[in-house]
Amino acid sequence: MDTTKRSPIDRLLFATFLKGRTSSRDVWEEKGDMTPEDNQKIIEETNEIINDDSTYPFISYLSNLLAKSKPSDDAVKKLHDCIDKVAVALGHDSTDVFRALLAKLIEEPEEKQTFDRLLEMAEKFAAKHE
């Protein structure tokens with residue numbers, strides 16, 4: 001298990017991608033509080049997803065994209081908001097929307113595979129669903 005301390009930007013993206021944010025938000029909205037047991041359950045679910053072989057290529061790609069692009073916190077928050085808008089509009093989980101966006105980005109020529117391009121795609125997708 002990876003125990004590396006991640007930056008806030010990494011945590012925000014990984015949380016979106018790994019459903020941790022969704023689970024945390026659901027618990028918070030349902031109970032109005034987060035117990036240590038709730039937090040531990042979310043950690044275990046997140047670790048299960050991280051260790052899922054089908055998730056690894058996305059995590060690896062995302063890590064490389066973040067290292068290459070070094071997006072600002074504002075840009076990450078904007079991406080996060082766009083993903084949430086699309087997920088709500090389509091009735092899908094934000095993780096699925098994020099994976100779809102990453103899959104589309106992977107299809108782009110390598111020089112266009114940047115965080116800015118990912119954000120641009122997300123903004124266009126969100127605009128279609130407003």
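Reader: How are helix 5 and helix 6 oriented to each other, oblique or roughly perpendicular?
Author: In this predicted model, the axes of helix 5 (residues 73-90) and helix 6 come within 8 Å and cross at roughly 115°. Angles of 65 to 115 degrees count as roughly perpendicular. Helix 5 and helix 6 are therefore roughly perpendicular to each other.

Reader: Which hand does the crossing of helix 5 and helix 6 have, left-handed or right-handed?
Author: Two packed helices are described by the angle between their axes and the distance between the axes. The hand of the crossing adds to that description. For helix 5 and helix 6, the crossing is right-handed.

Reader: Into which classes do the residues of the contact of helix 5 with helix 6 divide?
Author: On the side of helix 5, the contact is made by L79, I83, D84, V86 and A87, which meet S94, V97, F98 and L101 in helix 6. By class, the residues of this contact are seven nonpolar, one polar and one charged.

Reader: At what angle do helix 6 and helix 7 pack, and is helix 6 oblique or roughly perpendicular to helix 7?
Author: Helix 6 covers residues 94-107 and helix 7 covers residues 115-128, and their axes lie 10 Å apart. The angle between them is about 125°. That makes helix 6 oblique to helix 7.

Reader: Which residues in helix 7 are met by residues in helix 6?
Author: Helix 6 passes helix 7 in a right-handed crossing. From helix 6, the residues F98, L101, L102, K104 and L105 take part, and in helix 7 they meet R117, L118, M121, A122 and F125.

Reader: How many residues of the contact of helix 6 with helix 7 are charged?
Author: The contact of helix 6 with helix 7 includes K104 in helix 6 and R117 in helix 7. Its residues comprise eight nonpolar and no polar ones, and the number of charged residues is two.

Reader: How far apart are the axes of helix 5 and helix 7?
Author: Helix 5 passes helix 7 in a left-handed crossing. The two helices pack at an angle of about 35°, and the distance between their axes is 9 Å.

Reader: How many nonpolar residues are in the contact of helix 5 with helix 7?
Author: Helix 5 brings A75, V76, K78, L79, C82, K85, V86 and L90 to this contact. These meet F115, L118, L119, A122, E123, F125 and A126 in helix 7. By class, the contact has three charged residues, no polar ones, and nonpolar residues numbering 12.

Reader: Is L79 buried or exposed?
Author: L79 is found in helix 5, where it is listed among the residues that meet helix 6 and among those that meet helix 7. Its C-alpha atom is 7.5 Å from that of E123, although the two residues are 44 residues apart along the chain. The relative accessibility of L79 is 0%, so it counts as buried.

Reader: Which residues of helix 7 are buried?
Author: In the protein, 36% of the 130 residues count as buried. A residue is buried when its relative accessible area is under 20%. In helix 7, the buried residues are F115, R117, L118, L119, M121, A122 and A126.

Reader: What span should the 18 residues of helix 5 have?
Author: The expected span follows from 1.5 Å a residue, applied to one less than the number of residues. The end C-alpha atoms of helix 5 are 26 Å apart, which agrees with the expected span of 26 Å.

Reader: Is I106 buried or partly exposed?
Author: The place of I106 is in helix 6. Not counting residues up to four places away in sequence, I106 touches Y61 and Q113. Its relative accessible area is 41%, so I106 is partly exposed.

Reader: What value does phi of K70 take?
Author: K70 is found in the loop between helix 4 (56-69) and helix 5, and it is exposed, with a relative accessible area of 65%. Most residues other than glycine have a negative phi. Phi of K70 has a positive value, near 45°.

Reader: How many helices are there in the protein?
Author: From the N terminus on, the elements of the protein run α-α-α-α-α-α-α. The number of strands is zero, and the number of helices is seven.

Definitions and conventions: Residues numbered from 1 in each chain as written. Predicted model: local features only at pLDDT ≥ 70, side-chain atom pairs only at ≥ 80, totals over all residues. Heavy atoms only, no water. Axes fitted to C-alpha atoms, helices over the stretch in contact; angles between N-to-C directions. Helix = DSSP H or I, 4+ residues; strand = E, 2+ residues; numbered from the N terminus. Parallel < 35°, antiparallel > 145°, perpendicular 65-115°, else oblique. Left-handed = near helix turned anticlockwise from the far one by under 90°. Contact = heavy atoms within 4.5 Å. Nonpolar A, V, L, I, M, F, W, Y, C, P; charged D, E, K, R; others polar. Buried < 20%, exposed > 50% of the residue type's maximum accessible area, 1.4 Å probe, protein only.
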